[in-house]
Amino acid sequence: MEVMAPEQLEVMEAAAVNNYQQHHTELLMERKFSSDCKPICKHFVDFCKDHLQIDDRVKVQFLSERDGEMTTGCYIPSSRQIKILVKDRGLVDVLRSLAH
């Protein structure tokens, strides 16, 4: 068995991380929203809340039709609710609406 120098391991690790990121980025960009995407969205909301230090609970509602005059998403402060239009949208687009 060949022992690798630390520099070689760093290059291999960087390549593995880059490959992982590229693969998952492609999946994220190509994937259309479906009900199995909800855990990804929950994880993203939790990440944003932690990163922005938001303690309030929010309810996310995924809609197949617009609600009233909303565009692709809206936040209702009185009920701490986020409504997101998901019909015919990619996962990355839904995540972008959540981020706003």
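**Sheet, core and salt bridges**

Biologist: In what order do the 3 strands of the open sheet stand?

Modeller: The pairing in this sheet is mixed. Strands are DSSP runs of E with at least two residues, helices are runs of H or I with at least four, and both are numbered from the N terminus. Two strands pair if DSSP finds at least two bridges between them. The order is β1-β3-β2.

Biologist: What kind of model is this?

Modeller: Residues are numbered from 1 along each chain as its sequence is written, and side-chain values use heavy atoms, with hydrogens and water left out. Local features need pLDDT of at least 70, side-chain atom pairs count only at pLDDT 80 or more, and totals for chains, interfaces and linings use all residues: the model is predicted.

Biologist: Back to the open sheet of 3 strands. Which strands stand at its edges?

Modeller: Each edge strand has a single partner strand, so one side of each is left without a neighbour in the sheet. From one strand to the next, the twist averages 15°. The edge strands are β1 and β2.

Biologist: What angle does the direction of α3 make with that of β3?

Modeller: Helix α3 packs on the sheet and touches β1 and β3. Contact means heavy atoms within 4.5 Å. Axes are lines fitted to C-alpha atoms, for helices over the stretch in contact, and angles run from 0 to 180 degrees between N-to-C directions. The angle is about 150°.

Biologist: Which residue in the turn of the β2 and β3 hairpin has a positive phi?

Modeller: β2 and β3 pair in the antiparallel sense over 4 bridges. One of the bridge partners is Ile84 in β3, facing Gly73. The hairpin has 4 residues between its strands, and phi is about 50° at Arg80.

Biologist: Arg80 also forms a salt bridge; which residue is its partner?

Modeller: A salt bridge is a side-chain nitrogen of Lys or Arg within 4 Å of a carboxyl oxygen of Asp or Glu. Here the N to O distance is 3.7 Å. Arg80 sits in the loop between β2 (73–76) and β3 (81–85), and its partner in the loop between α2 (38–52) and β1 (59–63), so the pair ties together parts 24 residues apart in sequence. The partner is Asp56.

Biologist: Is Lys83 buried or exposed?

Modeller: Buried means under 20% relative accessible area, exposed over 50%, and partly exposed in between (1.4 Å probe, protein chains only). Lys83 forms a salt bridge with Asp67 at 2.3 Å, N to O. Lys83 lies in strand β3 and Asp67 in the loop between β1 and β2, so the pair ties together parts 16 residues apart in sequence. Asp67 is partly exposed at 36%, whereas Lys83, at 12%, is buried.

Biologist: How many residues separate Glu65 and Lys87 along the chain?

Modeller: Their side chains meet in a salt bridge at 3.4 Å, N to O. Glu65 is in the loop between β1 and β2, and Lys87 in the loop between β3 and α3 (91–99), 22 residues apart.

Biologist: Which helix gives the most residues to the largest nonpolar core?

Modeller: A nonpolar core is a set of buried Ala, Val, Leu, Ile, Met, Phe, Trp, Tyr and Cys residues joined through side-chain atoms within 4.5 Å. The largest has 11 residues, among them Phe33, Val45, Ile84 and Leu98. α2, β3 and α3 each supply at least two. With 4 residues, the top contributor is α3.

Biologist: Which side chains make polar contacts with that of Ser97?

Modeller: Ser97 is in helix α3 and is buried at 14% relative accessibility. Apart from residues up to four places away in sequence, Ser97 touches Thr72, Ile84 and Arg89. A polar contact is a pair of N or O atoms within 3.5 Å; within protein, one must be able to donate a hydrogen and the other to accept it, and residues adjacent in sequence count only if both atoms are side-chain atoms. The contacts are at 3.4 Å with Thr72 and at 2.8 Å with Arg89.

Biologist: Where is Asp88 found?

Modeller: Asp88 has a positive phi, near 60°, in a residue other than glycine. At 67% relative accessibility, Asp88 is exposed. Its place is the loop between β3 and α3.
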